[in-house]
Amino acid sequence: MKKEWPVWEVFIRSKSGLDHRHVGSIHATDAKMAIENARDVYTRRQEGVSIWVVPSKEITASNPEENGELFEPAADKIYRHPTFYILPDELTHM
Amino acid sequence: MYLNNDPLEADFQAKIDKGQNIEAKDWMPEKYRKTHIRQISQHAHSEIVGMLPEGNWITRAPSLRRKVALLAKVQDEAGHGLYLYSAAETLGITRDELYDQLHSGKAKYSSIFNYPAVTWADMGAVGWLVDGAAIMNQVMLTRTSYGPYARAMVRICKEESFHQRQGYEIMLTLCNGTEVQKRMAQDALNRWWWPSLMMFGPRDAESPHTEQALKWKIKLKTNDELRQQFVDQTVSQAEILGITIPDPKLKWNEARGHYDFGDIDWEEFTQVVAGNGPCNRERLEARKSAWEKGAWVRDAALAYAEKQEQRSLKVAV
């Protein structure tokens with residue numbers, strides 16, 4: 001045995017109008033085989049109408065240890081939400 | 001309340017206590033990681049080895065309807081094994097290492113698959129009881145703390161329900177058939193009942209990891225709780241079939257609100273786990289042989305892909 005087949009991340013669009021969503025991963029030697037294997041493993045019951053595969057090593061992920069710097073600044077900006085603004089009750093359709 | 005001096009570990013525990021999931025890149029105690037690798041891979045191996053007793057009956061299924069159902073079930077099990085292997089790989093172990101652990105005997109798989117499937121009724125009993133017991137465990141695991149494992153479980157649970165129903169339908173057909181067919185169903189229940197109860201693992205008193213596993217929400221119910229739940233729900237199912245669960249001590253206990261049941265032969269369980277069950281050697285040999293005989297295919301596919309890539313690079317230059 002030489003070496004392991006590369007890992008691919010699999011994204012499936014369950015029906016048109018919806019985003020592709022990450023469902024798991026698969027091993028395959030190339031992109032075509034990755035799509036075929038993803039079809040067999042993740043869409044046996046019509047779970048998809050479209051498949052994306054991406055080599056796992058090509059994905060850059062944010063580091064959970066930096067979650068504070070990345071995501072906390074949004075926490076105190078409640079003025080970005082519509083409910084921050086105080087308007088009279090009789091105002092409708094806004 | 002659990003006290004912990006390590007701030008990272010205290011944070012980790014607080015997240016779990018709040019019902020948050022742990023994801024692959026999050027900090028986790030080494031023991032949490034190791035326990036999960038062990039448990040998820042054991043689960044994956046069980047799906048893969050679980051194909052063997054049933055694969056044996058595909059060519060001998062009594063009708064086309066039964067054959068397509070069994071084929072689909074076995075294919076699902078391959079799929080479930082793959083979902084689980086990919087969940088285990090998020091914890092930093094490779095697929096080859098996982099297979100090595102199975103083939104070398106270092107990793108275990110569910111002891112139930114070391115029993116032979118000798119008649120067609122066994123396909124019914126396995127679906128009804130073995131998948132039934134597995135579902136009980138798996139439904140609990142959809143709420144387990146490790147995200148990739150929990151998500152794999154959600155997908156698996158959606159698919160398992162057909163497995164149990166097709167098994168029960170096989171039993172029902174046999175039980176409504178001739179005397180000989182009904183005896184065949186009873187015989188299968190007799191042989192699969194106790195091993196199915198053993199699937200939930202040792203008694204709580206003898207299960208040293210239970211406390212830690214509950215604290216980390218690796219499991220949410222103990223072995224004994226799940227076993228009791230299984231017995232309680234299965235009794236009426238056997239009554240509908242009109243066959244008898246092979247346990248003279250099985251009796252409704254009004255005070256407990258549960259069925260009492262007889263003693264499990266734990267010596268048999270220990271023996272099967274230790275590798276001395278009726279089919280341990282055969283199962284492992286079948287796995288190893290498939291893996292070794294497939295090596296040239298894996299290598300050839302990889303060599304082909306590499307060659308294609310080299311060619312496309314040359315064209316680009």
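## A hairpin to start with

Let us begin at a turn in this predicted model. A:Gly17 has a positive phi near 105 degrees, and this residue belongs to the hairpin formed by strand 1 and strand 2 of chain A, where six residues lie between the strands.

The two arms of that hairpin run antiparallel: strand 1 of chain A is joined to strand 2 (residues 20-27) of chain A by seven bridges. To find one point of pairing in the structure, look for A:Phe11, whose bridge partner in strand 2 of chain A is A:His22.

## Strand 1 and its other partner

Strand 1 of chain A also pairs with strand 3 (residues 50-55) of chain A, again in the antiparallel sense, over six bridges. Here a helpful landmark is A:Ile12, which has A:Ile51 as its bridge partner in strand 3 of chain A.

How many residues of strand 1 of chain A are buried? Five of the seven are, so strand 1 (residues 7-13) counts as mostly covered, with buried meaning under 20% relative accessible area.

## Over to chain B

Now for a glycine in the other chain discussed here. B:Gly147 sits in helix 6 of chain B, which spans residues 147-175. Is B:Gly147 buried or exposed? B:Gly147 is buried, because its relative accessible area is 2%, and the cut-off for buried is under 20%.

Which residues does B:Gly147 touch, leaving aside those up to four places away in sequence? They are B:Asn21, B:Ile22 and B:Glu23. Another residue to locate is B:Leu91: 56 residues separate B:Leu91 from B:Gly147 in sequence, while their C-alpha atoms are 11 Å apart in space.

Definitions and conventions. Residues are numbered from 1 along each chain as its sequence is written. Chains are lettered from A and ligands numbered from 1 in the order in which they are written. This is a predicted model: local features need pLDDT of at least 70, side-chain atom pairs count only at pLDDT 80 or more; totals for chains, interfaces and linings use all residues. Side-chain values use heavy atoms; hydrogens and water are left out. Buried means under 20% relative accessible area, exposed over 50%, partly exposed in between (1.4 Å probe, protein chains only). Helices (H or I, at least four residues) and strands (E, at least two) are DSSP runs, numbered from the N terminus. Two strands pair if DSSP finds at least two bridges between them. Contact means heavy atoms within 4.5 Å.
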